Amino acid sequence: EVDSFWDRIKQIFIFNKNTKVYVSDSHVLSYDIAKKFQCTDIYLFDAHSDLGYGGSLSLDVNCANWLGFLLKEQVVKSANIIYSPFTKEKPEFFKHYNRVFDIKYLEIQDLHNKVNTAVIHICRSGAWTPPWYDQNFVKFLNALGLEYQVINCPLEFIEQTIFKGVCFMNKDSIPESKKVFADLPPQEKPDMVDSENISLFDLHEDMQTVDAIPIVELNKRVKTEGDELLEEVWRKESPDEKKHS
């Protein structure tokens, strides 16, 4: 499925020489990209919806809620989520969001219309994927056939790989306060990888792990957040409130 992914995508989405492609480690960059290019519709291929979990829409924008923020702030009009076959999520987990926003949950075979594409954002998601898959990831990037820019994506062999795009991160750009992690023995690194590079988890604050939340508790938090979201939208549309404004 990975080998044929771009072939299938090119049958649905229209790319041209003006289509921009960005590669980063964290998905949070999608928030800024969507605003910069004034995107109205998002097509997300992911194992996670990134709509926000457990009250996260009351926090800052991060890799788990960027799409929820784009919808809440009315930056984009619609979101089309195409889940990975390995996802553990279900659309009903976000029923409150689904009532407020234009969100569609689709299979790739459901996509038939030709979609003009202004920008593509591809994420490595290092918190979920081990660095020994980096070589396959770069092959996946190059199979797209478009030039791309790499932003804050510390691929293990970045200096040994010839990119079609431009890499903005190198070892000299590592903050002085973080260089101490570069010399740690692998057993003391969070990712347990024997590498001269510092751990992704030490370098990127938004990639640090959090305590696991049982699914029952997570669903309760999502429901609470959804109820608060519905109340906020209702208040904005309330005639009584408009009279007092």
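1. Strand 7 is a good place to begin in this predicted model. Val 119, His 121 and Cys 123 point one way from strand 7, whereas Ile 120 and Ile 122 point the other way, and all of these residues are buried. Because 5 of the 5 residues of strand 7 are buried, the strand is largely enclosed by the rest of the structure. Its pairing with strand 2 is in the parallel sense and runs over 5 bridges, and within strand 7 it is Ile 122 that stands opposite Val 23.

2. For orientation, the chain contains 8 helices and 9 strands. Of its 245 residues, 40% count as buried. Among the contacts in the chain with a separation of 6 or more, 65% are accounted for by residues 24 or more positions apart.

3. A reader may next turn to the open sheet of 3 strands, which has the order 3-4-5 and parallel pairing. Its edge strands are strand 3, residues 41-46, and strand 5, residues 102-106, each of which pairs on one side only. Neighbouring strands of this sheet are turned by 20° against each other on average, direction ignored.

4. Strand 4, residues 78-83, pairs with strand 5 in the parallel sense over 5 bridges, and strand 3 pairs with strand 4 in the parallel sense over 6 bridges. Particular bridge partners can be followed in the model: Ser 78 is matched with Asp 102 in strand 5, Asn 80 has Lys 104 of strand 5 as its partner, and Asp 46 is partnered by Tyr 83 in strand 4.

5. How is strand 4 covered on its two faces? Ser 78, Asn 80 and Ile 82 lie on one side and Ala 79, Ile 81 and Tyr 83 on the other, and all of them are buried. Since 6 of the 6 residues of strand 4 are buried, this strand is largely enclosed by the rest of the structure.

6. The largest nonpolar core has 24 residues, and those with the most contacts inside it are Ile 42, Leu 51, Trp 66, Leu 67, Leu 71, Tyr 97 and Ile 103. The elements that give two or more residues to this core are helix 2 (29-36), strand 3, helix 3 (66-72) and strand 4. Helix 3 gives the most, with 5 residues. Leu 71 can serve as an example: leaving aside its neighbours within four places in sequence, Leu 71 is in contact with Leu 51, Val 76, Lys 77, Ser 78, Ala 79, Phe 101 and Ile 103. There is also a second, separate core of 22 residues, which includes Phe 5, Phe 13, Val 138 and Leu 141. As general background, nonpolar side chains in soluble globular proteins tend to be buried together.

7. In helix 5, residues 134-143, the buried residues to consider are Asp 134, Phe 137, Val 138, Phe 140 and Leu 141. They cover an arc of only 155° around the axis, which puts them on the same side of helix 5. In general, an α-helix has 3.6 residues a turn, so residues three or four places apart point the same way. The cover over the buried residues of helix 5 includes helix 1 (5-10), strand 2 (20-24) and strand 7 (119-123). After helix 5 comes Gly 145, whose phi is positive, near 85°.

8. Phe 137, which has its place in helix 5, deserves a separate remark. Is Phe 137 buried or exposed? With a relative accessible area of 13%, Phe 137 is buried, because buried means under 20%. Phe 137 and Arg 124 are 13 residues apart in sequence, and their C-alpha to C-alpha separation in space is 7.5 Å.

9. The last point concerns aromatic residues, for which a search of the whole structure finds 10 aromatic pairs. In one of these, Phe 5 and Phe 140 form a tilted pair, at 5.7 Å centre to centre and with 40° between the planes. This pair links distant parts of the chain, with Phe 5 in helix 1 and Phe 140 in helix 5, 135 residues apart. Both residues also belong to one aromatic cluster, formed by Phe 5, Trp 6, Phe 13, Tyr 43, Phe 45 and Phe 140.

Definitions and conventions
Residues numbered from 1 in each chain as written. Predicted model: local features only at pLDDT ≥ 70, side-chain atom pairs only at ≥ 80, totals over all residues. Heavy atoms only, no water. Pairing = 2+ DSSP bridges. Helix = DSSP H or I, 4+ residues; strand = E, 2+ residues; numbered from the N terminus. Axes fitted to C-alpha atoms, helices over the stretch in contact; angles between N-to-C directions. Buried < 20%, exposed > 50% of the residue type's maximum accessible area, 1.4 Å probe, protein only. Arc of directions from axis to C-beta. Contact = heavy atoms within 4.5 Å. Core = buried A, V, L, I, M, F, W, Y, C linked by side-chain atoms within 4.5 Å. Phe/Tyr/Trp six-rings, centres within 6.5 Å; stacked < 30°, edge-to-face > 60°.
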